[in-house]
Amino acid sequence: MLPHRIWFLKKVANHRFASHGDHPLAILVLILFALAGLLFSRASAAVHPVPLDPKTDSAKCIECHEEKSKGKFVHSAIAMGCLSCHQVRTNRDITHVTLKTVVPYKVCLSCHDDKDATKIHGHVHPPAVRDCLTCHDPHTSDNKNQLLKATSGDKKDNLCLSCHDIGTKVLGKDGSRHAALDMGCETCHITHKTGETGKAEFDFHLTKAAPALCLDCHDAKSADLQKAHQNQPFDKADCLTCHDPHESAAPKLMNKFLHPPFADKQCDVCHAAPKDGKVVLTQADVKSLCVTCHDDKAKLIENAKVQHPGAAGDCTDCHSPHSSRQPGLPKTNAVDICLGCHSEIADLAKKSVHHQPAFGLGCATCHTPHGGDNDHLLRAKGNALCLECHGPDSAPQKLEAEHVLTIFNGQIKLPEDYYKKNRVVILPLRFGLGHPVESHPVGDVMDPANIAKVKNHMTCMTCHQPHASAQPGLLVKDQQNNMAFCDTCHKNRIDMRQVTTGE
């Protein structure tokens, strides 16, 4: 009866709007009919082709669905019976066979409780959070663990490469690719392995941490390996401080950014011959070694008006002495290298809305990491910091050869598509007015009776938080972007010029 009604109504609609095929109402009606047909088709697909008794046993199911119980790898739940996951519902002569839970992953968790993401500490592989069927067939498969595809082979055959493109990129004439990729992703990874956050073994679901993982295949006693490392001890070092584990645009899987002496194989600039299997430096300590080349940084750290305590320690507290995946050679990345000490900022990452430079590009976008002249080590004072990117006069310089943009007089490099990709808002300011509405000031408001006197103090920070917020707009105290927020200063909506700043 239902499909007949849909057909009849659609016929009426086609007749009614025959001369208005592109009329918005006609289009809307036809879309509704299409949706109705889709919903009906889904509903009808859920109807079992033959009536069943609600107490039907699994043997009855196998009469038609025998293929669900045979294969190279069969889900152990099949032996428990089809009704361990499914249920039969009968209404009059219509039978529906459904899962016992509303969503499939809840069925899986009824047995695999140890995979429940809400009970796991650490980084969980995203599909494993609530979508088991992205990777697994619930019945049978040609692959162990009921995987939909193998974890090796090229993109069309490799389950992991359905989402990840690691190892598939064009690397250029000097590029290199880890041979272990051809052995399969499970050579190094265990997809569901989790543990302490911050440890690579668990964050990246590795079988074990480096260097033990690497030494499973690479013999540290190999003469070729020892020669490649100029006979320096490397068997206890973290291989990933120098090498990318998957692919690189450089030979030998080297990281993208290299310390010049290391890149030029001038190890003797920093290293003497090892002693008792330990590294020996050419200077008394790490800092003395670094300042032989980086004396300018030493002077900056020492003479800065505002000093960074972290910069007073060893350079290798923050920097890798050999290579890194990011410019500046941070030991981890441009964000985490700072959050290791600044835990109060790390806690802000839990909020849902992030200022992109703070948790994306890196803290050094706005702060000088070695020392500076401004409070909080900021690169500019007051609104000048924010307007470097968001002001109407923002003019990043483009370095064509490097495909980057620079700000703060070339001190910071951005990807050439940074403004477009991150939808950086350029404020339509004129004479310090124009945000968030026309004629609204963004800086100090002077007293008309005495233009040398500030009537109302204001900066970008009056309204915005610089790192993160629980609401869009990064408004202070995680407030919503509405008139209630404006009311914190503007008590009289009839005359918005009356301002109470709480000073």
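Q: What makes K115, I120, V124, H125, A128, T191, H192, K193, T194 and H205 the lining of the largest cavity?
A: In this predicted model, these residues line the largest cavity because lining residues have an atom within 4 Å of a cavity point.

Q: Why is the space of about 40 Å³ called a cavity?
A: The largest cavity has a volume of about 40 Å³, and the word cavity applies because a 1.4 Å probe fits there but cannot get out. The structure holds 1 cavity of 30 Å³ or more.

Q: How do you know which classes the lining of the largest cavity has?
A: The lining has 3 nonpolar, 5 polar and 2 charged residues; Lys counts as charged, so K115 and K193, both in the lining, belong to the charged class.

Q: What makes the 12 residues that include C366, L385, I407 and Y419 a nonpolar core?
A: These residues belong to the largest nonpolar core, and the name fits because such a core is a set of buried nonpolar residues joined through side-chain atoms within 4.5 Å. Helix 17 (383-390), strand 15 (404-407), strand 16 (412-415) and helix 18 (418-421) each supply at least two residues of this core. Apart from this core lies another, of 6 residues, among them L339, I345, A358 and F359.

Q: Why is I407 said to be in contact with E388 and P396?
A: I407 is in contact with residues including E388, P396 and L414, because contact means that heavy atoms lie within 4.5 Å.

Q: How do you know how the protein chain compares with a compact globule of 503 residues?
A: Such a globule would have a radius of gyration near 23 Å, but the protein chain has 31 Å.

Notes. Residues numbered from 1 in each chain as written. Predicted model: local features only at pLDDT ≥ 70, side-chain atom pairs only at ≥ 80, totals over all residues. Heavy atoms only, no water. 1 Å grid on protein atoms, 1.4 Å probe; cavity = no way out; pocket = protein on both sides within 12 Å on 5 of 7 lines; lining within 4 Å. Points joined across faces, edges and corners; volume = space filled by probe spheres on them. Buried < 20%, exposed > 50% of the residue type's maximum accessible area, 1.4 Å probe, protein only. Helix = DSSP H or I, 4+ residues; strand = E, 2+ residues; numbered from the N terminus. Rg over C-alpha atoms; globule rule 2.2 N^0.38 Å. Lists of a residue's contacts leave out its neighbours within four places in sequence.
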